[in-house]
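Have a look at the model below before reading on. We'll walk through a few annotated sites first, then a sheet and a helix.

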Amino acid sequence: MTNETPQKLYYPSEEVVKNAAVSGMEAYRALCAEAAQDYEGFWGKRAKELIDWQTPFTQVLDESNAPFFKWFADGKLNVSYNCLDRQVNNGLGDKVALIFEGDKGDVSKVTYKDLLGRVSKFANALKSLGVKKGDRVVIYLPMSIEGVVAMQACARIGATHSIVFGGFSAQSLADRINDAGAVALITSDGQNRGGKALPLKSIADEALASGCPSIKNVLVVKRTGGETAMVAGRDIWADDLLATQSDVCEPEWVEAEHPLFLLYTSGSTGKPKGVQHSTGGYLLHAILTMKYTFDIKPDDVFWCTADIGWVTGHTYITYGPLACGATEIVFEGVPTYPDAGRFWKMIQDHKVNIFYTAPTAIRSLIKAADNTPAVHPKNYDLSSLRILGSVGEPINPAAWEWYYENVGGSRCPIVDTFWQTETGGHMITPLPGATPLVPGSCTLPFPGIQAAVVDETGTEVPWGQGGILVVQRPWPSMIRTIWGDPDRFVKSYYPADFQGKLYLAGDGAIRDKDTGYFTITGRIDDVLNVSGHRMGTMEIESALVAHEKVAEAAVVGRPDDLTGEAIVAFVVLKGARPTGDEAVKVIKELQNWVGQEIGPIAKPKDIRFGENLPKTRSGKIMRRLLRQLAKGEEITQDTSTLENPAILEQLK
Ligand code: WTA
């Protein structure tokens with residue numbers, strides 16, 4: 001965004017403003033002022049109002065061991081109680097909690113009462129296997145009611161879940177199980193995606209065969225009905241175990257700081273980090289953002305299209321909507337099956353009011369609608385929609401405008417929510433009945449969140465000048481630590497450069513010189529964002545060099561119209577540099593290898609071979625140069641420090 005042309009603002013309609021939880025910019029500013037005046041009072045008041053505590057807390061924020069902050073530490077609660085029992089007790093037992101739509105179009109609905117029963121049975125099943133408070137349970141399940149049930153069941157008994165996305169490989173699964181020291185694995189025979197039945201249990205078996213000594217049991221949910229090998233004494237069909245369980249399970253009351261879940265995400269080094277979240281603070285932000293950002297109303301049907309394998313699926317499928325007593329959609333399939341009108345048809349069929357998806361999905365559906373007019377959203381009745389959301393990566397203005405006009409009928413505000421696995425919930429986002437919108441900008445911080453753009457010394461830069469995005473105060477739903485690696489937590493998020501006082505998001509940002517609106521300019525570390533998925537370049541490099549033919553590899557990102565960023569790998573083989581058909585063959589081989597090592601989402605789109613990589617005389621790989629090469633740009637920078645300039649020609 002240039003700061004020369006004034007931004008075009010999109011205002012919410014009077015109708016939206018009138019009924020919104022945060023109605024108008026004055027209301028937004030009042031909330032920010034309330035937090036600025038009495039920070040702990042702001043969060044404490046809402047934590048009391050929005051959460052049912054078994055033991056009330058007396059202290060809001062404990063900063064004595066910063067940056068290991070504690071929130072509501074002497075309070076006790078249970079998340080599953082707040083999501084389920086509370087709704088049933090409030091007369092919502094017969095309300096539909098989940099509408100599941102399968103890949104093939106099969107629909108089933110679960111009421112709050114039913115869901116409480118199913119979660120309780122599942123919780124009892126876990127207990128019968130000896131799983132107890134504080135144990136880690138890894139969940140490797142497709143999008144399903146059982147996925148939500150398994151997560152809620154862990155929360156109910158105080159076990160800490162760690163979901164591994166169903167697209168991750170056996171190796172990735174094994175690494176996460178071992179890092180977490182999980183005692184049980186919950187998986188399914190397979191998953192349905194785009195008309196195909198894909199295996200899951202066999203991948204889990206491969207992971208366990210590679211050595212996961214902490215796992216005692218594997219609970220297997222039936223989905224595809226495919227043939228499934230079961231290991232006696234270790235593997236159990238969920239149906240068999242559930243059949244004998246009671247549907248009543250007293251919730252385990254846990255301390256507010258008790259780890260609700262770990263979720264592994266990519267960082268700047270090769271090893272994914274287990275982001276640890278709390279119970280009380282996390283739940284508070286999940287509820288508060290449902291109310292303020294999504295303006296959730298009692299009769300709303302809410303649809304977040306994320307997978308439960310990502311943080312968006314945690315906060316805005318499993319926890320936020322249920323804690324607010326909403327009805328939400330759980331979708332197993334993909335946006336392009338049976339055709340690219342699937343999302344629009346589902347919005348029409350289920351009368352969705354709030355729709356939350358990722359820019360990468362929007363861009364691919366724009367392309368599909370351009371090519372096949374029949375799947376254009378104008379062919380569907382989308383009049384039920386009230387609010388649209390975007391998450392995961394910057395949304396380019398052209399996609400924003402298309403989404404706004406064609407999906408939202410120029411009537412629905414788009415909340416472009418900036419946040420991260422580490423932040424637990426929205427950090428910078430418009431509020432639909434308050435914030436005038438600018439395509440491509442996530443606008444202003446959520447009330448109570450103190451975000452800023454600073455330079456290398458931690459000093460705020462003037463509006464209009466780019467810099468580093470930081471958060472100046474701890475907030476309730478923030479990451480508590482990296483599982484098993486507190487030093488890495490401090491180094492990654494509270495670096496010494498800022499005297500350990502500022503949370504480093506890892507993104508660059510710029511504020512508009514007139515409105516102060518934030519625009520995220522992309523990661524400032526070695527993390528790529530491909531189709532809204534975070535990938536560490538070092539992770540992909542380690543996978544590549546683990547291949548027997550590879551001597552050295554460097555991975556960078558390049559802008560991509562569809563996926564936001566695309567992965568480009570520069571590779572030096574141990575043997576001769578391949579050309580022609582041989583190169584094509586090795587590229588395929590390496591792509592598949594990375595797919596197997598990490599998962600299909602990590603496959604490099606482009607692989608180029610050189611006899612060496614461009615390095616300085618001191619042996620440092622010149623990544624900035626590689627980024628230019630990846631983009632196909634002319635090399636303009638000084639290459640005089642380069643050890644071997646001839647290499648550049650090979651890598652073009
Ligand atoms: C990026 C996903 C611009 C950002 C919730 C961040 C965004 C990373 C936005 C976190 C947005 C997420 N605008 N960039 N609205 N939302 N990002 O942990 O680079 O999977 O650091 O969490 O995605 O990705 P993660």
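## Annotated sites, a sheet and a helix

Arg193 sits in strand E9, which covers residues 190-193. Keep in mind that this is a predicted model. With a relative accessible area of 31%, Arg193 comes out as partly exposed. Leaving out residues up to four places away in sequence, Arg193 touches Asp103, Leu198, Glu332 and Val334.

Just along the chain, Gly195 is in the loop between E9 and strand E10 (196-199). Gly195 is partly exposed too, because its relative accessibility is 40%, and partly exposed covers the range between 20% and 50%. Its contacts, setting aside neighbours within four places in sequence, are Asp103 and Tyr337.

Why look at these two? UniProt, in an unreviewed entry, lists Arg193, Gly194, Gly195, Lys196, Thr312 and Ser531 under "binding site". These residues span 339 residues in sequence and their farthest two C-alpha atoms are 24.9 Å apart, so they don't all gather at one spot.

The record also places "binding site" (again an unreviewed entry) at another set of residues, among them Asp416, Thr417, Phe418, Trp419, Gln420 and Thr421. Asp507, Arg523 and Arg534 are in that set as well. Let's zoom in on Trp419 and Gln420. Trp419 is in the loop between strand E20 (414-417) and strand E21 (451-454), and Gln420 lies in the loop between E20 and E21 as well.

Here are the accessibility values for the four residues picked out so far.

| Residue | Relative accessible area | Class |
|---|---|---|
| Arg193 | 31% | partly exposed |
| Gly195 | 40% | partly exposed |
| Trp419 | 9% | buried |
| Gln420 | 5% | buried |

Which residues does Trp419 touch, not counting residues up to four places away in sequence? The list is Val311, Thr312, Thr315, Tyr316, Tyr356, Val391, Gly424, Gly425, His426 and Met427. Thr312 in that list also carries the "binding site" label from the UniProt entry. With Tyr356 there's a polar contact as well: the two side chains are joined at 3.1 Å.

Gln420, with the same sequence neighbours left out, touches Val311, Tyr503, Ala505, Asp507, Arg523 and Arg534.

Now for the sheet. Four strands make up an open, antiparallel sheet in the order E21-E22-E24-E25. E21 and strand E25 (518-523) are at the edges with a single partner strand each, so one side of each has no neighbour in the sheet. From one strand to the next, the twist averages 45 degrees. E21 and strand E22 (residues 467-471) run antiparallel and are joined by four bridges; in one of the pairings, Ala451 has Val471 in E22 as its bridge partner.

Last stop, helix H17. This helix takes in residues 580-597, so to speak 18 residues, and reaches 26 Å from its first C-alpha to its last, close to the 26 Å expected at 1.5 Å a residue. Which of its residues are buried? Ala583, Val586, Leu590, Gln591, Val594 and Gly595 are. The buried residues of H17 pack against helix H16 (537-545) and three strands: E28 (550-560), E29 (564-573) and E30 (606-609). After H17 comes Gly599, with a positive phi near 155 degrees.

Note on methods:
Residues are numbered from 1 along each chain as its sequence is written. This is a predicted model: local features need pLDDT of at least 70, side-chain atom pairs count only at pLDDT 80 or more; totals for chains, interfaces and linings use all residues. Side-chain values use heavy atoms; hydrogens and water are left out. UniProt positions are given in the numbering used here, feature names are shortened, and annotations may be inferred rather than shown by experiment. Helices (H or I, at least four residues) and strands (E, at least two) are DSSP runs, numbered from the N terminus. Buried means under 20% relative accessible area, exposed over 50%, partly exposed in between (1.4 Å probe, protein chains only). Contact means heavy atoms within 4.5 Å. A polar contact is a pair of N or O atoms within 3.5 Å; within protein, one must be able to donate a hydrogen and the other to accept it, and residues adjacent in sequence count only if both atoms are side-chain atoms. Two strands pair if DSSP finds at least two bridges between them. Axes are lines fitted to C-alpha atoms, for helices over the stretch in contact, and angles run from 0 to 180 degrees between N-to-C directions. The expected span of a helix is 1.5 Å times one less than its number of residues.
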